[in-house]
Amino acid sequence: MRILLTGSAGQLGQSILALKPNSINHTQVELFPLTRDELDLADAIACQRIVEQIRPDWVINAGAYTTVDKAETEQDITYKVNALAPEALAIGLRNYGGRILQLSTDFVFDGESNTPYLPENPVAPLGVYGSTKAAGEDAVFKQLNERAHVLRTSWVYGPAGKNFLFTMLKLHLLKSSLQEPLRVVSDQLGCPTNTLGLANVCWKLIERKSKGFEIAQILHWSDSGIASWYDFAVAIGEFAKDLGLINNSAKVLPIKTADYPTMAKRPRYSLLDSSATCSALGIEPEHWRKALFSVMSDLKTSNLA
Ligand SMILES: NC(=O)c1ccc[n+]([C@@H]2O[C@H](COP(=O)([O-])OP(=O)(O)OC[C@H]3O[C@@H](n4cnc5c(N)ncnc54)[C@H](OP(=O)(O)O)[C@@H]3O)[C@@H](O)[C@H]2O)c1
């Protein structure tokens, strides 16, 4: 089974590489991981061409323009990477039978719900990042119909890459040394999702599909539980101290979104209902605090440099 992975140097990409199975359904897995140097996702022609050359059974499109605030002023490149690239990858697959697993986001929703979003809920993105990701979802379905799968997730962090976990670890170090509080938004609710659990879902989906299971076209996945960014920051400080990653954690103070203005508007509530994914793939998510502790247990102080 030939699998092409985009964004292989990203947070999720690295975990997908780390969890690659040797075989799926008795067929050897041949993975073609591509970094930015090997494939520029802003180049639609190159995206289509590489798929036609490699002829993968699956494309896992983990590459994306993920800098949510910068996307507001870089609409053109964001659209190319998040919408036109998946479309071009799907066009490449269209002619010979391959499938795409398109990663997407809770930011396709406006956050006005008070109950976890179901895959069939209508999208209503608030900003450029969310709307280009929603356009990427539409594009893969338009090109491939049932051969396209969209997996939406939220608040992704992992043991490598740029993410909230590392930002907060550095801020805990800095603010505690200055004896200053760390102010973090407490009125946006969602759920952190660790990349290893998410990568496992990607591989499970491909495995189940190759065994002939029916899998819904749109799936949701996050770790379980609910958190604000404030809760997430407090837990990071607590665990980092317990695990000896830092000597002291900063005092975390809850603030309102209005007190921390950003370029992009964010959903105030973006919990995803993962129950259909659990039944389809026969797996359960870990609680976000348990998953966070486990990811942080494998970190070394050198990771914070
Ligand atoms: N991060 C989150 O909180 C979050 C939340 C919900 C959904 N998601 C979705 O989950 C998926 C994985 O996200 P992630 O957190 O792993 O993101 P990430 O760490 O930012 O990785 C994205 C990857 O895309 C690559 N990329 C960006 N522009 C490119 C271009 N023009 N050409 C080639 N490669 C390019 C990046 O390359 P470089 O390494 O060279 O920069 C990076 O390796 C994405 O679809 C994202 O939209 C993420």
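This report walks through the domains, the ligand's surroundings and three helix pairs of one protein. Keep in mind that the model is predicted.

**Two domains**

Let's start with the big picture. The protein splits into domain 1, made of 2–158 + 192–222 + 268–286, and domain 2, made of 164–187 + 226–261 + 300–304. So you can get your bearings when you look at the structure, here is the spacing: measuring aside, the computed centres of domain 1 and domain 2, taken over C-alpha atoms, are 29 Å apart. Where the two domains touch, domain 1 supplies four residues and domain 2 supplies six residues. On the domain 1 side of that contact, three residues are nonpolar, one is charged and none is polar.

**Around the ligand**

Now for the ligand. How many residues surround the ligand? There are 26, and the closest are Gly7, Gly10, Leu12, Leu103 and Val156. Two elements give two or more residues to this shell: helix H1 (11–18) and strand S6 (99–105). H1 has the largest share, with three residues. Sort the shell by class and you get twelve nonpolar, ten polar and four charged residues.

**Helices that pack together**

Three helix pairs are worth tracing on the model. Here are their angles and axis distances.

| Helix pair | Angle | Axis distance |
|---|---|---|
| H1 and H7 | about 60° | 8 Å |
| H2 and H4 | roughly 30° | within 8 Å |
| H6 and H8 | about 65° | 10 Å |

Take H1 and H7 (residues 195–210) to begin with. Their angle of about 60° makes H1 oblique to H7. The crossing of H1 past H7 is right-handed. From H1, the contact uses Gln11, Leu12, Ser15 and Ile16, while H7 brings Thr195, Leu196, Leu198, Ala199 and Cys202. Six residues in this contact are nonpolar, three are polar and none is charged. You have met Leu12 already: that residue is among the closest to the ligand, and it also belongs to the H1 side of the contact with H7.

Next up are H2 (residues 44–54) and H4 (residues 75–94). Are H2 and H4 roughly parallel or roughly antiparallel to each other? Their axes cross at roughly 30°, and H2 and H4 are therefore roughly parallel. This crossing is right-handed. On the H2 side you will find Ala44, Cys47, Gln48, Val51 and Glu52. H4 answers with Leu84, Ala85, Ala88, Leu89, Ile91, Gly92 and Leu93. By class, the contact between H2 and H4 has nine nonpolar residues, two polar and one charged.

Last comes the pair H6 (residues 164–178) and H8 (residues 229–242). H6 passes H8 with a right-handed crossing. Which residues make the contact of H6 and H8? H6 contributes Phe164, Leu165, Met168, Leu169 and His172, and H8 contributes Phe232, Ala233, Ile236, Gly237 and Ala240. Eight residues here are nonpolar, two are polar and none is charged.

How values were computed
Residues numbered from 1 in each chain as written. Predicted model: local features only at pLDDT ≥ 70, side-chain atom pairs only at ≥ 80, totals over all residues. Near = placed C-beta within 6 Å. Helix = DSSP H or I, 4+ residues; strand = E, 2+ residues; numbered from the N terminus. Nonpolar A, V, L, I, M, F, W, Y, C, P; charged D, E, K, R; others polar. Axes fitted to C-alpha atoms, helices over the stretch in contact; angles between N-to-C directions. Parallel < 35°, antiparallel > 145°, perpendicular 65-115°, else oblique. Left-handed = near helix turned anticlockwise from the far one by under 90°. Contact = placed C-beta atoms within 7 Å. Domains from an automatic or database assignment.
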